[in-house]
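Hi,

Here is the structure I promised to pass on to you. Please have a look at it first, and then read my notes below.

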Protein chains: 2
Amino acid sequence: MIQYNRDNMAELLRAHDINPTHQRIEIAYALFSRQEHLSADQVMAIVNGRHAETSKATVYNTLNLFLEKGLIREVIVDPSKVFYDPNTGPHHHLYEVDSGRLTDIKADDIRIEGLPDLPQGVETVGIDLIVRVKRTA
Amino acid sequence: MIQYNRDNMAELLRAHDINPTHQRIEIAYALFSRQEHLSADQVMAIVNGRHAETSKATVYNTLNLFLEKGLIREVIVDPSKVFYDPNTGPHHHLYEVDSGRLTDIKADDIRIEGLPDLPQGVETVGIDLIVRVKRTA
DNA sequence: CTAGGATTTGGACTCTGTCTAACTATCGGA
DNA sequence: TCCGATAGTTAGACAGAGTCCAAATCCTAG
């Protein structure tokens, strides 16, 4: 397990063709050091924990940049906000609808069989499998 | 294949313990006669096609009521809006990211194997499988 | 040191969806 | 028939996520 630090982050960004600025490093660090699914406003809160340092616009710009560059992944499970996932490897998600907690499911053992052929002129971008659960009463 | 009409709809609503009002019948009819995935504002546009008849608040109230009563299903694939699906049977979804088109995939032949055990004290609400595709350049 | 491109910023703005308080429709009973 | 109670609808204000823009700031090469 790698220890994440700011220097790591700068390298990681460069490797993905992203100019590593202060703000971008902080945002990357927030996501990767925790290995959690964070929403944009959670990222905001973390990055600006002590003093206000990064604007809302930059948080959104940066997250979208990371997305484009394939550094992180977007998880759409909640109609009210998007989660960002630093884990881009193949895996699936477990969503607790009452608490909003989102956790990974390893893809290792999961097989999805019998998917029909795709329509013409179309290629797969991704397959999202989301298991929605709630606490039993 | 059943022909859907307003009388059908009234029965359908009653069967789901929903008082069939004008507005509710129109909204149900919009969804079921098309058998398509519609967003709230698309429902608005259809229902108010000729003359304004139904307010935004009623459209949202009604769609949420239908959801609670299990008459329709919610499909969360696009961060900017929710789709409503009149098909509540088991099936999955194909989402064209560039056009926003959302279509069904029959669940008949699909097997999902190897899902890990759920955490304690939790029960499955639903499993959503979304295949995201884009047009090949 | 300086010019120029890249980045960041605050704030206005848009859009989806919710809330509220007033209004309307409906229905059962006297 | 009239009445009140309850359910449903409405306009418009509001909330929160996310985008946009023009101005300010930050690098970096020269």
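**DNA strand D**

Let's start with a contact: an N or O atom in the side chain of Arg24(B) is 2.9 Å from a phosphate oxygen of DNA strand D. Please keep in mind that this is a predicted model, where local features need pLDDT of at least 70 and side-chain atom pairs count only at pLDDT 80 or more, while totals for chains, interfaces and linings use all residues. Residues are numbered from 1 along each chain as its sequence is written, chains are lettered from A and ligands numbered from 1 in the order in which they are written, and side-chain values use heavy atoms, with hydrogens and water left out.

The Arg24(B) pair is a polar contact, meaning two N or O atoms within 3.5 Å (within protein, one must be able to donate a hydrogen and the other to accept it, and residues adjacent in sequence count only if both atoms are side-chain atoms). The side chain of Thr21(B) also has an N or O atom 2.5 Å from a phosphate oxygen of DNA strand D. Ser55(B) uses a backbone N or O atom instead, at 3.0 Å from a phosphate oxygen of this strand.

Which elements give two or more residues to the surface near DNA strand D? From chain A they are helix H3 (40-47), helix H4 (56-68) and strand E3 (81-85), and from chain B helix H2 (22-34) and helix H4 (56-68). Helices (H or I, at least four residues) and strands (E, at least two) are DSSP runs, numbered from the N terminus.

In total, 20 residues are around DNA strand D, and Lys56(A), Thr21(B), Gln23(B), Glu53(B) and Thr58(B) come nearest. Here, "near" means that a heavy atom of the residue lies within 4 Å. By class, this surface has 5 nonpolar, 9 polar and 6 charged residues. Ala, Val, Leu, Ile, Met, Phe, Trp, Tyr, Cys and Pro count as nonpolar, Asp, Glu, Lys and Arg as charged, and the others, Gly among them, as polar. Of the atoms of DNA strand D within 4 Å of the protein, 74% belong to sugar or phosphate, and the rest belong to bases.

**DNA strand C**

DNA strand C is surrounded by 19 residues, and the closest are Thr21(A), Gln23(A), Glu53(A), Thr58(A) and Lys56(B). Sugar and phosphate make up 72% of the atoms of DNA strand C that come within 4 Å of the protein.

What does a polar side-chain atom of Lys56(B) lie 2.8 Å from? Its partner is a base oxygen of DNA strand C. Glu53(A) places a backbone N or O atom 2.8 Å from a phosphate oxygen of DNA strand C. In the side chain of Asn19(A), an N or O atom is 3.4 Å from a phosphate oxygen of that strand. The elements giving two or more residues to this surface are helix H2 (22-34) and H4 of chain A, together with H4 and E3 of chain B. Its residues divide into 5 nonpolar, 9 polar and 5 charged.

**The sheets**

In chain B, 3 strands form an open antiparallel sheet in the order E1-E3-E2. E1 and E2 of chain B stand at the edges with a single partner strand each, so one side of each has no neighbour in the sheet. Strands pair if DSSP finds at least two bridges between them.

Strand E1 (residues 38-39) of chain B is joined to E3(B) by 2 bridges, and Leu38(B) has Tyr84(B) as its bridge partner. Strand E2 (residues 73-78) of chain B is joined to E3(B) by 4 bridges. Along that pairing, Val75(B) stands opposite Phe83(B), and Asp78(B) is partnered with Lys81(B). A hairpin through 2 residues joins E2(B) to E3(B).

Why is E3(B) largely enclosed by the rest of the structure? Because 4 of its 5 residues (81-85) are buried. Buried is under 20% relative accessible area, exposed over 50%, and partly exposed in between (1.4 Å probe, protein chains only).

Chain A also has an open sheet of 3 strands in the order E1-E3-E2, with antiparallel pairing. Its edge strands are E1 (38-39) and E2. E1(A) and E3(A) share 2 bridges, and Ser39(A) has Phe83(A) as its partner.

Happy exploring!
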